[in-house]
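Visitor: I should like a close look at one part of this model, beginning with a single residue and then placing it in its wider setting. Please keep to what can be read from the coordinates.

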Amino acid sequence: MLTARGDEYDRVLGFEVGADDYVVKPFSVRELVMRVRGMARRFHERRAARSSAQQPANKLLQWRGLGIDPARHRVFADGSELSLRPLEFKLLTMLLEHPGRVFTRGELLEEVWGITSEVNTRTVDTHVRRLRERLGAYGEAVETVHGFGYRLREPSA
């Protein structure tokens, strides 16, 4: 976003509605060019990392009785299908692909929402809370690591 509105509220709102970056007027053309180049570089790096680490199309992700079939975009808990919103599905898939790994809110915003934010936002926290509610008894699978972010508990924990 390129705007004259520079209040924190406006910046946070801009990121929450999907802005990749937020530049307030007056701005330096050189800075704007560097921001665009940085975003393009990060986009290409993420695309390359995803294509090199793609899960096989028929690979099911499991955590105890919780399972995801990424190819069919379906989630199951003890054999019953769950209905998740797209961002909840992406968030759960990312956590199941890397059990035990702690993701910061910034990493989750970047990977799940596709945005980079230098502003504190509660978007990730809100979606994690909703995901836990939808998972029911398996909501405890998503663990808060205070001061850092979130992770999927180890299956044996």
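Visitor: What does Leu2 count as at 46% relative accessibility?

Guide: The model is predicted. In it, Leu2 counts as partly exposed at 46% relative accessibility, because buried would require under 20% and exposed over 50%. Leu2 belongs to strand β1, which covers residues 2-3. Leaving aside neighbours within four places in sequence, Leu2 is in contact with Val23, Lys25 and Phe27. A further reference point is Gly38, which is 36 residues from Leu2 in sequence and 16 Å away in space, C-alpha to C-alpha.

One of these partners, Lys25, leads to a cis peptide bond: the bond from Lys25 to Pro26 has omega near -5 degrees. Pro26 itself lies in the loop that joins β2 (23-24) to α2 (29-52). Most peptide bonds are trans, and most residues other than glycine have a negative phi.

The chain as a whole gives the setting. It has five helices and nine strands, and their order along the sequence is β-α-β-α-β-β-β-β-α-β-α-α-β-β. The C-alpha trace spans about 55 × 30 × 25 Å along its principal axes. Of the 157 residues, 33% count as buried. Among contacts with a separation of 6 or more, 48% join residues 24 or more positions apart.

After β1, helix α1 (residues 8-16) has Asp10, Val12, Gly14 and Phe15 as buried residues. Just after α1 comes Gly18, with a positive phi of about 120 degrees.

Positive phi values also appear at two residues other than glycine. Arg64 has phi near 50 degrees and lies in the loop between β3 (61-63) and β4 (66-69). With a relative accessible area of 37%, Arg64 is partly exposed. His73 has phi near 55 degrees and is placed in the loop between β4 and β5 (74-77). At 45% relative accessibility, His73 likewise counts as partly exposed.

Further along the sequence, the helices α3, α4 and α5 can be taken together. The axes of α3 (residues 86-97) and α4 (residues 105-113) come within 10 Å and cross at roughly 120 degrees. That angle makes α3 oblique to α4, and the crossing is right-handed. On the α3 side, Leu87, Lys90, Leu91 and Met94 take part; they meet Glu107, Leu108, Glu111, Val112 and Trp113 of α4. By class, this contact has six nonpolar, no polar and three charged residues.

Also in α3 is Thr93, which counts as buried at 10% relative accessibility. Not counting residues up to four places away in sequence, Thr93 touches Leu61 and Ile68.

Helix α4 has its own buried set, namely Leu108, Leu109, Val112 and Trp113. Seen down the axis of α4, these residues fall within an arc of 100 degrees, so they line one face of the helix. They pack against α3, β7 (103-104), α5 (123-135) and β9 (149-152). Following α4 is Gly114, whose phi is positive, near 75 degrees.

With α5, the axis of α4 comes within 9 Å and crosses at roughly 75 degrees; the two helices are therefore roughly perpendicular to each other. Here Arg105, Leu108, Leu109 and Trp113 of α4 meet Thr123, Val124, Asp125 and His127 of α5. By class, four nonpolar, two polar and two charged residues make up this contact. Leu108 and Trp113 are named in the contact with α3 and again in the contact with α5.

The segment after β9 holds Glu154, which counts as partly exposed at 41% relative accessibility. Not counting residues up to four places away in sequence, Glu154 touches Trp63, Arg64, Pro99 and Gly100. This returns the account to Arg64, the residue with a positive phi near 50 degrees. Glu154 and Glu143, eleven residues apart along the chain, have their C-alpha atoms separated by 9.8 Å.

Key. Residues numbered from 1 in each chain as written. Predicted model: local features only at pLDDT ≥ 70, side-chain atom pairs only at ≥ 80, totals over all residues. Heavy atoms only, no water. Axes fitted to C-alpha atoms, helices over the stretch in contact; angles between N-to-C directions. Helix = DSSP H or I, 4+ residues; strand = E, 2+ residues; numbered from the N terminus. Parallel < 35°, antiparallel > 145°, perpendicular 65-115°, else oblique. Left-handed = near helix turned anticlockwise from the far one by under 90°. Contact = heavy atoms within 4.5 Å. Nonpolar A, V, L, I, M, F, W, Y, C, P; charged D, E, K, R; others polar. Buried < 20%, exposed > 50% of the residue type's maximum accessible area, 1.4 Å probe, protein only. Arc of directions from axis to C-beta.
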